[in-house]
Amino acid sequence: MSTAERLFGGQPYQGYAYSYPHKTAYRAFEPELTVPGVWEREDRSALFLYAHVPFCFQRCAFCNLFTTAQGGREREEAYLRGLVRQAEAIRAALPDARFAVGAIGGGTPTWLEPAGLERVFDVLHHTMGAPADLPMSVECSPETVTPEKADLLARRGTTRASIGIQSFVEAEARGVGRTQRDMTVQTALQALRDARIPTLNLDLIYGLRHQTPESWRYSLECALEWRPEEIYLYPLYVRPLTGLGRRDRTWDDQRLALYRQGAELLQLAGYEQVSMRMFRAPWAPVERTDYRCEADGMIGLGPGARSYTRDVHYSTRFAVGPSAVLDELDGWLDRSDDDHLRIRWGTRVDVDEKRRRHVLQGLLQVDGLDRAWYTAQFGADVLEHLPQLEQLGDLASFGDRIVLTPEGLAWSDAIAPWLYSDAVTARMAEWEQR
């Protein structure tokens, strides 16, 4: 029996660790916390600044993000007014906050009209005081990118535009609720290229209904024609409260085979693999900032945005179902200035969770986990704190760094949940059972 079979039951896709602890592990704070209180002893000299736009052109069947396709221009205006109020309240509470990197995500920020998108940038740069040269990433979708909006992004200092193509095969895209046409995709990509934004990222999904090795190769080759600086390959997931039904072991095998095919093709095209998902071109610019994600310094604006201090992660209540998202959104729109400084929902991050978070951040990257750095930060070798890592066997190599082998990297989405604490795992399971 292989190590992967023994540890993970042959199931490579158990959970995507894009944040830890995940928002499904957040709970109500009793008593409530406050923004000034949780940031009082934090280093605020080089933070991540994030704005969440909770609107989309359509709700994809695989999506479990905080977003709605029922925005409407009246809600858009209310959201923009609320974003200003929240930013003004937080800036007054944290006047010395300084920012090293930023992002506008969602949802789909480019769903906003150009004037609304300008107002989001104004909030970040004028209200929050972010510098004009702040490295900034913005999420896009093919249906919402126009030449005017692409030029606006470039003019406002966007250094990275990330666009969710998912598939260049129209029938595959329709299978997960996307109505995009090939001409729409090509027009959007041309607009972003013409705007000369330094980094273009394309997201593709494997494991789609009716997808074959041949159609997957077609999507990869279409993506490569645009010479994007980054390409992300995401496995299709079935998540609670989304529009897709569950699949079987055959689907796991299919996704794993398509992942390997995609990774090999991109590497042959000259792309460097950074993680299971991320591939970077050799011509991609390298943005250097003072921000260190392991220091947990992020201020999030907008409903659905997370904020991180070293000891507390917080956000609005996690929601996926359409009615739950609208309830949370409308509740956020009704908040007073004082309400924006109250923290009702999140999690405390103790030393064990900090250690696990750092292990996940390092181990799931191609370069692996630096054991000396870990020891300097946490006072002992990582194998003393997490001896279960030794069970990875041939999925990892052990030296000055713990590095996943190519096979181990393919199993990242099983290794990550395996390293979650019992408390976080239990809270996530409790949420999914609701």
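**Exercise 1.** State how many cavities of 30 Å³ or more a search of the whole structure finds, and describe the largest.

*Solution.* The search of the whole structure finds one cavity of 30 Å³ or more. The model is predicted, with pLDDT of at least 70 needed for local features and 80 or more for side-chain atom pairs, while totals for chains, interfaces and linings use all residues. Residues are numbered from 1 along each chain as its sequence is written, and side-chain values use heavy atoms, without hydrogens and water.

A cavity is a set of points, on a 1 Å grid over the protein atoms alone, where a 1.4 Å probe fits but cannot get out. The volume, which is the space filled by probe spheres set on the points, is about 40 Å³ for the largest cavity.

Next, take the lining (residues with an atom within 4 Å of a point). Ser167, Phe168, Val169, Glu170, Ala173, Gln180, Arg181, Asp182 and Val185 line the largest cavity. Helix 6 (170–174) and helix 7 (182–194) each supply at least two of these lining residues; helices are DSSP runs (H or I) of at least four residues, numbered from the N terminus.

**Exercise 2.** Describe how helix 3 and helix 10 cross.

*Solution.* Start with the axes, lines fitted to C-alpha atoms over the stretch in contact, with angles from 0 to 180 degrees between N-to-C directions. Those of helix 3 (residues 72–93) and helix 10 (residues 322–333) come within 9 Å and cross at roughly 55°. Helix 3 is therefore oblique to helix 10, as angles under 35 degrees count as roughly parallel, over 145 as roughly antiparallel, 65 to 115 as roughly perpendicular and the rest as oblique.

How values were computed:
Helix = DSSP H or I, 4+ residues; strand = E, 2+ residues; numbered from the N terminus. 1 Å grid on protein atoms, 1.4 Å probe; cavity = no way out; pocket = protein on both sides within 12 Å on 5 of 7 lines; lining within 4 Å.
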